[in-house]
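I opened the model to look up how the ligand is held, then one helix. My entries follow.

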Amino acid sequence: MHKEIESVYNNMLQKDPNQPEFHQAVKVFLNSVDSLVADEPKIIYHKILDRIIEPERTIIFRVPWIDDNGKLQINRGFRIQQNSALGPYKGGLRFHPSVNLSILRFLAFEQVFKNSLTGLPMGGGKGGADFNPKGKSDNEVMKFCQSFMTELSKHIGPNTDIPAGDMGVGGREIGYLFGQYKRIQNEVTGVLTGKGLSFGGSLIRPEATGYGLIYLADAVLHGEKDTIKGKRCIISGSGNVAQYTIQKILQLGGIPLTISDSNGVIIDEAGINEEKLSFIMNLKNVKRGRISEYIKAFPTAKYVARTGSEEYNEIWNTNADCAFPCAVQNEINELDAKHLVANGVFLVAEGANMPTTFEGQQIFKKANTLYIPGKAANAGGVAVSGLEMSQNSERLSWTKENVDAKLKDIMENIYKNISEAADQYSTHNNFTDGANIAGFLKVAEAMIAQGYV
Ligand code: NDP
């Protein structure tokens, strides 16, 4: 690493200790842009790297709400407004008990480059709360969302910051958040994306991250004169991204084999077909149940319970061609990556954000795995959020076919841009460097043009 880059990294460690996920995201990024320093001295001269890792604004707030037993509950809410060089801050809200400043800072940082890669005019941000919607009644979720938005509404707006969903924030939560924003501001605007279709949502937004992931993976495979048709696929998670990833794999003739949740893993060697996918969607989205119930309906499948402290995850120890981690950060460690390579997996595309540890990524690099990092592979969600913003501004709704075609086009363009950047600045098919560099150069140029702000 160049000494200038090392000093940026060390300053960050000193300023923000105890933020391991944020450190990990910055380390991967700095490793990629290291090769630019010699050719692009203005990046160092204008201190772009120091500035890009420092959020423009960080908001942390108390969220009080009363549960169904009449007891007062207190959560912590956050919004990180990371970078607005390319447009208003844009990025999801995560409601999960693990949420803390480190996790949201890594997500906000990644979001800046992801949004840049979509080619749409969006800056990057991320937010959420350490609230667990699991096991809560609809009434409790609504009360929490209303209290959370009462504070957040002071900091967002259709031309300032437009949040969306992420883990634990789906259509139900976005509806409650939108209702409260409207009530407080007394205006109906496109301030959130992922809205219901009856109040400004876009067709294909729920599907967008999973569909986009498979469009990109298929584009990468076409680059290798191959296709996803007939490929055995491992998918982790069973939420929004996992469900539509499975749906698009089925539409393109691939064979989905697995799902997971935080309690365990399902491995279905017979393949997950449309009927089984409908069961999963009903189980997760309507009944809000656990995936262990899958084997009651389909007893030939295998369920492996997990505590989370195991050395490796059985899901990655499955014979397959392609893997799509769609659950959570750092779900593929070094040993998991070794298992994937040993089991014949030659393409890993990340539906989740940063699901592979730094050490796991090195294993894929050594094995020449076609590895596509989340900031490129899961950009379809925010891309369609960008299209939802355009529809809201026009006060029009585009057709499903129109939005889907635009999504496919954006994902194919991302593939083109990241592979060209990899060829120019790094090595062929190094999509980590390609995504970081292609995403970064555009933001850096805008930051330089806008002066020291
Ligand atoms: P959901 O809340 O809909 O689903 C998350 C899934 O991950 C659930 O099945 C959950 O299981 C599972 N999960 C959570 N923690 C673990 C764990 N430790 N081990 C195994 N499984 C776990 O979220 P999304 O599908 O929206 O998001 C999934 C990932 O995709 C996240 O990393 C998110 O940041 C990323 N992403 C999402 C986008 C979107 O548009 N929604 C856009 C881009 C990226 P359980 O029910 O047990 O909690």
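I looked up the ligand's place first: domain 1 (3-187) and domain 2 (208-368) both give residues to the shell around the ligand, so the ligand lies between them. The domain bounds come from an automatic or database domain assignment.

I noted that this is a predicted model, in which local features need pLDDT of at least 70 and side-chain atom pairs count only at pLDDT 80 or more, while totals for chains, interfaces and linings use all residues. Residues are numbered from 1 along each chain as its sequence is written, and side-chain values use heavy atoms, with hydrogens and water left out.

I listed the residues around the ligand (a heavy atom within 4 Å). There are 24, and Lys 134, Asp 166, Thr 209, Ser 262 and Arg 290 come nearest. The shell divides into six nonpolar, 11 polar (Gly counts here) and seven charged residues. α9 (240-251) and β8 (258-261), both DSSP runs (helices H or I, at least four residues; strands E, at least two), each supply at least two shell residues.

I then checked polar contacts (N or O pairs within 3.5 Å). A polar side-chain atom of Arg 290 is 2.5 Å from a ligand oxygen. Backbone polar atoms of Gly 239 and Ala 327 each lie 3.4 Å from a ligand oxygen. The protein covers 84% of the 890 Å² of accessible area that the ligand has on its own (Shrake-Rupley, 1.4 Å probe).

Last, I looked at helix α15 (residues 380-394). In α15, 12 of the 15 residues are buried (under 20% relative accessible area, 1.4 Å probe, protein chains only). Among them are Val 382, Leu 387 and Glu 388.

Key
Polar contact = N/O pair within 3.5 Å; in protein donor to acceptor, adjacent residues only side chain to side chain. Buried < 20%, exposed > 50% of the residue type's maximum accessible area, 1.4 Å probe, protein only.
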